[in-house]
Amino acid sequence: MEWDARWLRWPDFRLPADKHDAVDALTEAWRRAETERVEVACRCGRGRTGTALACIAVLDGVPPAQALSYVRRQYPRAAVETPWQWWYIKHFQEQPH
């Protein structure tokens, strides 16, 4: 099965290499999820995936301070692996959209 894919440069255990591209990609995923299935994935499916899911939750109205606990209730508890990933979630709304 073929589907549209978007690759986001995001080194393991780090933050996205291009913050503008990350905001654009995560916003696109959030918008597309209204009408179609969207997949977010990284190598192990925890740190970067959990961070991306938490940022998408913020876009959907979950307060940034609660986004991590929200994702961990719905997804593995190991989601979001580093302090700077948590920082990114808390400050995601401050990123230029």
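The lining of the largest pocket in this predicted model comprises, by residue class, 14 nonpolar, nine charged and one polar residue. The volume of this pocket is about 880 Å³. Of its 24 lining residues, Ala5, Arg6, Glu39, Val40 and Ala41 are the closest to the centre. Two elements give two or more residues to the lining, namely helix H1 (19–32) and helix H2 (47–59). The largest share, five residues, comes from H1.

Helix H2 also contains Arg48. This residue is classed as buried because its relative accessible area, 15%, falls under the 20% limit. The side chain of Arg48 reaches the backbone oxygen of Trp10 at a distance of 2.8 Å. That distance is within the 3.5 Å cut-off for a polar contact. When neighbours within four places in sequence are left aside, Arg48 is in contact with Trp10, Pro11, Asp12, Cys42, Arg43 and Gln85. The C-alpha atoms of Arg48 and Leu15 are 7.9 Å apart in space, whereas the two residues are separated by 33 positions in sequence.

A second residue of helix H2 is Thr51, for which the relative accessibility is 0%, so that Thr51 counts as buried. With neighbours within four places in sequence again set aside, the contacts of Thr51 are Trp10, Arg46, Val80, Gln85, Tyr88 and Ile89. Trp10 thus appears in the contact list of Arg48 and in that of Thr51, as does Gln85.

Gln85 itself is located in helix H4, which spans residues 83–90. Its relative accessibility is 0%, and Gln85 is therefore assigned to the buried class. Beyond residues up to four places away in sequence, Gln85 touches Phe13, Arg14, Leu15, Gly47, Arg48, Thr51 and Val80. Among these partners, Arg48 and Thr51 belong to helix H2, Phe13 lies in the segment before H1, and Val80 is placed in the loop between helix H3 (64–74) and H4.

Two of the residues touched by Gln85, Phe13 and Val80, also call for comment on backbone geometry. Most residues other than glycine have a negative phi. Phe13, although not a glycine, has a positive phi of about 70 degrees. Val80, likewise not a glycine, has a positive phi of about 70 degrees. The accessibility classes of these two residues are as follows. Phe13 is partly exposed, because its relative accessible area of 41% lies between the 20% and 50% limits. Val80 is buried, since its relative accessible area is 5% and thus under 20%.

With regard to cysteine pairing, a search of the whole structure finds zero disulfides. For Cys55, the closest cysteine sulfur is that of Cys42, at 13 Å from its own sulfur, which is too far for a bond because a disulfide requires the two sulfur atoms to be within 2.5 Å. Cys55 has a relative accessible area of 0% and is therefore buried. Cys42, the residue carrying that closest sulfur, is one of the contacts of Arg48.

Definitions and conventions:
Residues numbered from 1 in each chain as written. Predicted model: local features only at pLDDT ≥ 70, side-chain atom pairs only at ≥ 80, totals over all residues. Heavy atoms only, no water. 1 Å grid on protein atoms, 1.4 Å probe; cavity = no way out; pocket = protein on both sides within 12 Å on 5 of 7 lines; lining within 4 Å. Points joined across faces, edges and corners; volume = space filled by probe spheres on them. Helix = DSSP H or I, 4+ residues; strand = E, 2+ residues; numbered from the N terminus. Nonpolar A, V, L, I, M, F, W, Y, C, P; charged D, E, K, R; others polar. Buried < 20%, exposed > 50% of the residue type's maximum accessible area, 1.4 Å probe, protein only. Contact = heavy atoms within 4.5 Å. Polar contact = N/O pair within 3.5 Å; in protein donor to acceptor, adjacent residues only side chain to side chain.
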